[in-house]
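Student: Could you take me slowly through one pairing of strands, and then through the parts of the model that surround the topic? I am new to this structure, so please explain each term as you use it.

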Amino acid sequence: MKYPIIFASLIIALVACSTQTSKVELVLETKSKLGEGAIWNPVNNRLYWVDISGGLLNIYNPVTNANIELRTGQSTSAVVPSESGKAIVALQNGIYQMDIKTGSKKLIIDPDSSISTNRYNDGKCDPAGRFWLGTMSNEGKKDGALYCMFEDGTAKKVLEGISISNGIVWSNDHSKMYYIDTPTQQVKAYDFSVETGEICNEKIVIEIPSNNGVPDGMTIDENGNLWIALWGGAAVACWNPATGEMIHKIDVPAKNVTSCAFGDEDLGTLYITTATEGLDKNTLKKYPLSGGLFKTKPGVKGVPAYFYKGNF
């Protein structure tokens with residue numbers, strides 16, 4: 001007789017998860033033109049995030065509520081922590097090592113230098129510590145690509161013919177890589193080799209209806225579900241990649257939601273970046289907090305970010 005009770009309890013839990021409302025709080029009212037690239041550093045307990053158009057690397061301390069702005073002098077599209085204690089940042093003309101205390105930087109490589117109309121976009125490190133970074137065309141062409149930078153600072157092109165390379169994460173068992181090319185409205189999965197960094201067997205696992213907005217940055221939680229920022233959708237939403245179903249959605253008081261990352265010491269807070277770019281006066285009036293940094297407690301925890309393991 002225990003089984004019906006357990007089954008009923010499971011149904012109630014699933015319904016509660018799908019309909020749960022989560023309070024979203026404004027953390028910083030920065031009015032960022034293109035806030036992006038949120039990632040939590042569990043070593044120094046700081047949130048790293050960027051303002052692409054503003055050329056800023058931001059380092060936020062949730063204990064003191066202080067946000068340090070490091071100016072890079074170029075558009076700044078992605079950041080990951082490095083095991084060296086420094087950061088790896090993607091700027092307009094290449095991938096750099098950056099000292100987060102002084103702001104000094106050193107060019108490592110510029111793998112996409114042959115296409116002057118491209119810029120770098122989202123990127124993260126894989127479980128082996130390689131840095132994966134995508135590009136996009138400033139002219140709306142499919143000239144973008146996805147690159148992988150190895151420990152020695154060399155890089156190779158993994159995918160090409162990309163429109164807007166965006167969210168990228170790896171499954172918690174390291175067997176899959178999930179990836180977004182924004183205009184496709186899809187999340188694709190690839191079989192992934194930790195040893196070599198090779199990917200294969202492309203498969204569409206999530207189709208995002210256009211009325212939800214377009215998919216931007218992405219992170220993963222402890223249950224293996226994908227949290228996706230919805231540009232134009234004023235929300236972040238959680239999808240199960242095994243079923244393709246959306247299981248949770250959180251409204252954000254900003255129209256263009258760009259990235260999300262689990263943070264704080266327990267990885268139980270979801271930080272959310274947003275943008276003012278592309279919004280007219282009426283939309284800004286409706287969403288006056290656009291461009292701010294937000295947070296929420298979604299009722300699930302994330303997993304630690306992977307660090308770059310190269311000598312930079």
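Tutor: Strand β12 (residues 144-149) and strand β13 run antiparallel and are joined by six bridges, where two strands count as paired if DSSP finds at least two bridges between them. Strands are DSSP runs of E with at least two residues, numbered from the N terminus. The model is predicted, so local features need pLDDT of at least 70 and side-chain atom pairs pLDDT 80 or more, while totals for chains, interfaces and linings use all residues. Residues are numbered from 1 along each chain as its sequence is written, and side-chain values use heavy atoms, with hydrogens and water left out.

Within this pairing, methionine 149 stands opposite alanine 155 of β13. Five residues lie between the two strands of the hairpin, and glycine 153 takes a positive phi near 90° there.

Strand β13 also takes part in a salt bridge, that is, a side-chain nitrogen of Lys or Arg within 4 Å of a carboxyl oxygen of Asp or Glu. Lysine 156 is paired in this way with glutamate 198, and their closest N and O atoms are 2.8 Å apart. Because glutamate 198 belongs to the loop between β16 (186-192) and β17 (199-207), whereas lysine 156 belongs to β13 (residues 155-162), the pair ties together parts that are 42 residues apart in sequence. Both partners are partly exposed (between 20%, under which a residue is buried, and 50%, over which it is exposed, in relative accessible area with a 1.4 Å probe and protein chains only): glutamate 198 has a relative accessible area of 42%, and lysine 156 one of 28%.

The search of the whole structure finds seven salt bridges. Among them, lysine 188 is joined to glutamate 202, with the closest N and O atoms 3.3 Å apart. This pair links distant parts of the chain, since lysine 188 sits in strand β16 and glutamate 202 in strand β17, 14 residues apart. Glutamate 202 is partly exposed, at a relative accessible area of 48%. A further salt bridge holds lysine 141 to glutamate 139, with 3.2 Å between the closest N and O atoms, and lysine 141 is partly exposed at 42%.

Elsewhere in the chain, the largest nonpolar core (a set of buried Ala, Val, Leu, Ile, Met, Phe, Trp, Tyr and Cys residues joined through side-chain atoms within 4.5 Å) has 29 residues, of which Leu57, Val79, Ile88 and Phe131 touch the most other members. The elements giving two or more residues to this core are β3 (46-51), β4, β6 (76-81), β7 (87-91), β8 (94-98), β10 and β11 (131-137). Strand β7 supplies the largest share, five residues.

Finally, consider the open space. A pocket is an open set of points on a 1 Å grid over the protein atoms alone, where a 1.4 Å probe fits and protein lies on both sides within 12 Å along at least five of seven lines; lining residues have an atom within 4 Å of a point. The largest pocket is lined by 15 residues, and Arg119, Ile164, Asn166, Asp216 and Trp231 lie nearest its centre. Strands β10 (118-125) and β18 (214-220) are the elements that give two or more residues to this lining.

Notes: Helices (H or I, at least four residues) and strands (E, at least two) are DSSP runs, numbered from the N terminus.
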